[in-house]
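Got your viewer open and a hand on the mouse? Let's take a walk through this one together, one selection at a time.

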Amino acid sequence: MAEIFGIPVAVILGQLMLGLVNGSFYALLSLGLAVIFGLMGIVNFAHGAFYALGAFVALLSLQHLGVNYWFALALSPLVIALLGILLERLFLRHLYRLDPLYGLLLTFGIALVIEGCLHQYFGASGQSYPVPAALRGVFDLGFMILPIYRAWVILVSVIICFGVWFIIERTRLGGTLRAATENAPLLQAFGVNVPLLVAVTYGGGVALAALAGGLSAPVILVSPQMGSSLVIVVFAVVVIGGMGSILGAIISGMALGLIEGLTKVIYPEASNIVVFLIMALVLIFRPAGLFGRE
Amino acid sequence: MRLSSLFYLLAGLFALSVPLLGIYPVFMMQLLCFAMFACAYNLLLGFSGMLSFGHAAFFGAAAYATSWLTTARGWDAAPAIMAGILTSTLIGGIVGVIAIRRRGIYFAMITLALAQLIYFVCLEAPFTGGENGLQGVPRGTLFGLVPLRSDVLFYYLVLAAFLLQYAFIQRVVQSPFGQVLKAIRENEPRAISLGYEVNRYRLLAFVLSAALAGFAGSLKALVLGFATLSDVQQASSGEVILMTLLGGTGTFFGPVAGAAIIVTLQQYLSEIVGGWVTVIIGAVFMACVLTFRRGLVGTMAALWRRKAVP
């Protein structure tokens with residue numbers, strides 16, 4: 001068996017693949033954050049909580065209603081999007097004229113409420129979600145084993161990320177969204193319902209988090225805390241990529257997942273902190289982030 | 001002004017008579033430590049306008065340093081506290097240099113991420129006791145003279161430390177340095193055009209705040225006798241923000257009031273409602289941000305001023 005620095009190539013490739021799966025989740029989550037931040041100027045601290053909620057919607061709908069994986073994958077983003085729109089209408093919209101820091105604090109409060117409620121109802125221990133029958137098993141690529149479900153996660157998130165990028169950068173709806181970012185009052189004067197646009201964008205952003213939650217349910221344990229430390233990593237990813245850029249969010253998400261996977265092979269103790277260290281380095285040499293503009 | 005003198009007099013009398021009133025001194029010490037933490041945080045958020053989301057790292061790192069030195073190395077209280085403050089000052093310097101490169105939300109996210117890094121160090125380093133933290137921290141003696149086993153004696157010492165820190169922060173804010181910080185908070189380009197090295201001021205404010213948070217953390221480790229992961233985790237950073245916000249950012253007494261409310265809530269509410277405390281804290285957070293941004297003391301001061309004017 002081939003080796004690099006005394007580590008079998010198959011092990012390295014396996015960790016890189018796991019890293020790419022994590023990177024897919026980072027990309028989906030930081031994409032949602034970037035979309036919300038781009039239009040609303042709000043850093044959505046509740047993103048991790050919505051990610052957890054997305055996984056719980058999938059789990060509970062399976063346990064109580066017998067909803068299968070494929071439906072759940074569509075159902076949980078929908079439910080969470082509606083919840084997000086509701087929260088935006090009830091709370092977030094009161095903060096647009098204030099310092100953006102208040103948005104961060106409010107969504108932190110929302111995250112505490114959501115995670116606290118989940119914790120009360122389902123306890124701290126994780127529950128497992130079965131891998132759907134069609135996606136069980138592995139591809140044997142000869143040089144490595146590739147579990148089908150993990151390949152599926154990477155595939156779905158690449159497609160979704162590209163789709164969101166396409167909608168925002170290449171369609172008329174995306175043009176309207178970007179116009180709202182530039183000059184909302186003017187757009188409103190043209191007869192566009194901007195408040196509705198903002199609410200739907202927030203819903204869409206958190207739906208991406210819920211989708212990531214639904215996708216991750218079969219590969220991790222579903223627990224109330226699954227999003228609370230993840231959201232901090234995603235914040236670091238966003239700082240590294242530069243907040244304004246959609247493409248930057250996707251690329252840095254994937255890349256950091258890979259780097260994290262590689263660190264697990266070379267120096268496992270540092271795998272939890274490598275993203276934060278890279279963030280510190282990027283800030284020292286390129287404070288605006290890799291894809292950001294000052 | 002006469003009203004605030006009266007208020008301070010009453011608060012002082014209350015603080016002095018706590019052991020006589022039958023209030024558990026350890027609870028009051030814990031409250032004072034968190035009040036010190038919130039006051040240190042307010043120096044940054046309230047008077048310099050920087051929202052750090054990682055202050056628990058400084059509080060916790062100092063608590064760990066003090067606990068480790070007293071348990072594993074047998075240091076006495078005073079030098080262990082000094083070492084704790086030094087630890088948080090150093091970490092504050094490193095985090096500060098990186099974080100002050102950005103403003104506003106980015107600053108908040110960067111401090112949060114770097115604090116998470118410190119959290120993982122505390123989780124995985126060989127001398128921090130992992131998930132258990134460091135337990136059984138001895139209180140030691142007062143400069144080798146009097147053992148600090150008595151809760152009442154230790155309470156008065158913590159009260160003295162609190163007053164010292166409170167006066168120090170007041171002095172800093174009212175000094176020319178503090179005025180420049182306020183100027184930077186209100187209008188940074190203006191401060192730059194007046195020739196102030198803005199980043200140097202911001203860094204110094206950050207390090208000062210981290211050092212004072214460390215003082216609170218070290219004391220807390222001695223008071224309760226342990227340092228655990230909950231001291232360094234993001235929830236604690238959130239709590240200190242809430243204390244400051246609830247009491248009133250940019251007021252001197254606000255953080256103390258906020259800390260008193262939150263610590264009391266956590267202590268007594270958790271007996272009644274159990275795990276719902278997190279939900280209630282989250283709801284209070286939301287309510288504060290939506291309707292009560294001046295905080296308790298800020299609102300009262302505004303009401304008082306409105307009444308006094310006509």
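Select chain B and colour it by burial: of its 310 residues, 49% count as buried. Keep in mind that you're looking at a predicted model. How sure is the predictor about chain B? The average pLDDT for chain B is 90, and 99% of the residues score at least 70. Where pLDDT is low, the coordinates shouldn't be read in detail. For the model as a whole, the scores are ipTM 0.89 and pTM 0.92.

**Stop one: chain B from a distance**

Switch to cartoon view. Chain B has 14 helices and two strands. Its C-alpha trace spans about 55 × 45 × 40 Å along the principal axes. A compact globule of 310 residues would have a radius of gyration near 19 Å, and chain B has 19 Å, so the two agree. Now think about which parts of the chain meet. Take the contacts in chain B between residues with a separation of 6 or more: 78% of them involve residues 24 or more positions apart.

**Stop two: helix α5 of chain B**

Select residues 104–124 of chain B, and you have helix α5. How far apart should its ends be? With 21 residues at 1.5 Å each, the helix should span 30 Å, and the end C-alpha atoms are 31 Å apart, which agrees. Now bring back the rest of the model around α5(B). A residue counts as buried when 20 or more other C-beta atoms lie within 10 Å of its own. By that count 16 of the 21 residues of α5(B) are buried, so this helix is largely enclosed by the rest of the structure.

**Stop three: the far end of chain B**

Select Val277(B), which lies in helix α13 of chain B. Is Val277(B) buried or partly exposed? It has 18 C-beta neighbours inside 10 Å, so it counts as partly exposed. Show what surrounds it: leaving out residues up to four places away in sequence, Val277(B) touches Gln266(B), Leu269(B) and Ser270(B). You can also draw a distance from Val277(B) to Leu265(B); they sit twelve residues apart in sequence, with 8.2 Å between their C-alpha atoms.

Next, click on Arg293(B), in the loop between α13 (277–291) and α14 (295–308) of chain B. Arg293(B) is partly exposed too, because it has 17 other C-beta atoms within 10 Å. Try another distance here: the C-alpha atoms of Arg293(B) and Gly247(B) are separated by 9.6 Å, though the two residues are 46 apart along the chain.

**Stop four: over to chain A**

Hide chain B for a moment and show chain A, which has eleven helices and four strands. The C-alpha trace of chain A spans about 65 × 50 × 35 Å along its principal axes. Of its 294 residues, 49% count as buried. For 294 residues, a compact globule would have a radius of gyration near 19 Å; chain A comes out at 19 Å, which agrees.

Now select residues 9–40 of chain A, which make up helix α1. This helix has 32 residues and reaches 45 Å from first C-alpha to last, close to the expected 46 Å. Helix α1(A) is mostly covered, with 25 of its 32 residues buried. Step just past its end to Gly41(A), and you'll find a positive phi of about 65°.

**Stop five: where the chains meet**

Show both chains again. How many residues does each chain bring to the contact? Chain A gives 31 residues and chain B gives 31 residues. On the chain A side, α4 (100–122), α9 (230–241) and α11 (274–285) each supply at least two of them. The largest share comes from α4(A), with 15 residues. Colour this side of chain A by residue type, and you get 24 nonpolar, six polar and one charged.

Stay with α4(A): its 23 residues reach 33 Å from first C-alpha to last, close to the 33 Å expected. After α4(A) comes Gly123(A), with a positive phi near 75°.

**Last stop: the nonpolar core**

Which residues of the largest nonpolar core touch the most other members? Out of 196 residues, they are Leu31(A), Ala236(A), Met279(A), Phe37(B) and Ala113(B). Finish by selecting Ala236(A): setting aside residues up to four places away in sequence, it touches Val275(A), Phe276(A), Met279(A) and Ala113(B).

Key:
Residues are numbered from 1 along each chain as its sequence is written. Chains are lettered from A and ligands numbered from 1 in the order in which they are written. This is a predicted model: local features need pLDDT of at least 70, side-chain atom pairs count only at pLDDT 80 or more; totals for chains, interfaces and linings use all residues. The radius of gyration is taken over C-alpha atoms; the globule rule is 2.2 Å times the number of residues to the power 0.38. A residue is buried if 20 or more other C-beta atoms lie within 10 Å of its own, exposed if 12 or fewer, and partly exposed in between; C-beta atoms are placed from the backbone. Two residues are in contact if their C-beta atoms, placed from the backbone, lie within 7 Å. Ala, Val, Leu, Ile, Met, Phe, Trp, Tyr, Cys and Pro count as nonpolar, Asp, Glu, Lys and Arg as charged, and the others, Gly among them, as polar. The expected span of a helix is 1.5 Å times one less than its number of residues. A nonpolar core is a set of buried Ala, Val, Leu, Ile, Met, Phe, Trp, Tyr and Cys residues joined through C-beta atoms within 7 Å. pLDDT is the predictor's confidence in each residue, from 0 to 100.
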